[in-house]
Amino acid sequence: MAALGARRLLRPGRRWFSETVPGAPSPPASPLYPPVVASITARSKAAKLRRLQRFNERVHAAATVEEKLRLYGKLQRPKYTVYPQTFALNADRWYRSFTKTVLVPGMPPTAAAAKPPVAMAGASSETGRAPEPRAEAPGVAEAPGVAEAPGAAKTPEPSAGAAPYPDIGKLRSLACDALLQESFYQNKKRPFLYRDQDHTPGPFLTQLVSTLAASLSGRNPLLAASSLDLNPEVNYYWHHGKEVVVHGHRKGRVDPVRFQIDDSPHLQIRVPKQLPEVVPLESDLGDVPVIDHKPSKLPLFKKQYENKVFIGKTKVADPCCYGHTQFHLLPDKLKRERFIRERLEDQIEVVYRSNGIASLFAWTAAQAMYQGFWNEADVTRPFVSQAVVTDGKYFAFFCYQLNTLALTAETIKNNPRKNICWGTDSKPLYDVVEDGNVKGFNDEVLLQLVHFLLNRPKEL
Amino acid sequence: YPLFQRGGPQLRIFRPNFFMLAVRPGVPQPEDTVQFRVSMEMTKLDIRNYLERIYNVPVAAVRTRIQYGANNKRNHRNQRVKKPDYKVAYVQLGQGQTFQFPNLFPEKEQDAETRSFDDFRDKFMEKEEQKQEGDPRRGGVPDWFGL
């Protein structure tokens, strides 16, 4: 009956439409009914999608970055705590799969080429080198102008001041002084049990970095405007992948896998301007390992607490919101001797790499979140930071470029970008300290450290 | 027995009940992880020494947990019956070795004779079942149903 009535109403309507405009029906001025969308409160997948979309719109529409961070980490659920300094076997492979990072051995090519040899004379060789967007390029470009004007025959002697190269002899003496002061001259009692790292290598690292940064700040104006943090806290919270809840009242539901990194590097340098990108945003330098097993097999454990995103010592309003270099000190639990005693020599490098990857990912991602990016609003420019991981004697250098924050199950599908981490093996800075002398000082390690500290954007 | 001091002769022999049983993991484990059920008195150090010295298996890491056996079942006298507790050890192998629990009951290849016998048996059973059924025109209704 209702159908007959509807047909009777339709017939005159159809004829009216065909009389006025043959072919194109005129659209109504405003829609007669609200759009047909899924419910918000139903127990269905469409309703869940709609709720997620509403949450994403709320975060997008948030006025300030603090509000965005507050909404992002509002819901607390059990999450895996990822420790950068871990004794778990092959942890760096797992961490690379959690953070979608490609590990490239060695330093980035521009950094390796731009390392200046110490007593090299002649600006001509520098002009022959291709212009590089690296720290020495502005200094190098000035050097031909400066050296050629007074007289090309004058070889630029390494001396503090107008010379383009830092005085390696002076810096070496600074490093040796710090080392000897901590380990030889200063009268210290025996270290407490399992506190060896706080006794000598910790203060040595602090002293070394602060003196080097102070002496190189004349060369690098970015260092002069930087902020050196002692024992800061770096936190980051993210989702990656999907899992089914196993126990509890939420059993059977599909949840994102949540991770949290709480890291406290020994030292950190934050700067007001960002470091330049090493490779373009969309570059592909390798493969990310794919691990099918649950993260708890690593072993990794779940805990529920505050979802913190923190850059170290400051909140969003600080001008020094970009990262420059972090310095990590390995704890006593992860000493080289312990690995050698347990015949796990290949895990020594894994410890350095996992620390570098996890800490730098957390730091760069926190910097990106402080600028308002998150996994639905991916980064538009790469965030670059550096780190030095050491146990007092052996130094390993890492450089990280964050190209993407979109690691959740939905956003990772069509995302070809990968994060990239360049890392070296650990090399000793010195062989042994005896009788007031430092034997076997390794200049390459010091040079790499100096180069890290001198890194600055192209404009400066 | 005289009191034992370090470096002295070991005159007593202890025979602890140390056993290890390799089991198939209930949840998928990484390739380098082997799952064992071990005696409750064994520690991680004991497990590592057991594997390294008796079987020459390089062990990188050992993690253990104790599985509680449930006490909910009841017997004919309504007394609770406990399933025994046992300790599970997850051993990660060193030197890049991997382990996959083998399939202990693989499907056997049937030769022509057994296959033809199985076919004959299936056809015979089909014929027997057909004989048992009633008139197909009654549509499955039993024959005692009627006037």
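Mentor: A residue is called buried under 20% relative accessible area, exposed over 50% and partly exposed in between, with a 1.4 Å probe and protein chains only. This is a predicted model, in which local features need pLDDT of at least 70 and side-chain atom pairs pLDDT 80 or more, whereas totals for chains, interfaces and linings use all residues. Residues are numbered from 1 along each chain as written, chains are lettered from A and ligands numbered from 1 in the order written, and side-chain values use heavy atoms, without hydrogens and water.

Trainee: How many residues of H13(A) are buried?

Mentor: Helix H13 of chain A, a DSSP run (H or I, at least four residues; strands are E, at least two) numbered from the N terminus, covers residues 346-370. H13(A) is mostly covered, and of its 25 residues the number buried is 23.

Trainee: What does H13 of chain A reach from its first C-alpha to its last?

Mentor: The expected span, 1.5 Å times one less than the number of residues, is 36 Å for this helix of 25 residues. Close to that value, H13 of chain A reaches 37 Å.

Trainee: Which residue of chain B forms a salt bridge with A:Arg343?

Mentor: Chain A and chain B bury about 830 Å² between them, counted as the accessible area (1.4 Å probe) lost on being put together, summed over both. Across their interface the rule, a Lys or Arg side-chain nitrogen within 4 Å of an Asp or Glu carboxyl oxygen, finds one salt bridge. Its closest N and O atoms are 3.9 Å apart, and the partner of A:Arg343 is B:Glu52.

Technical notes: Buried area is the accessible area (1.4 Å probe) that two parts lose on being put together, summed over both.
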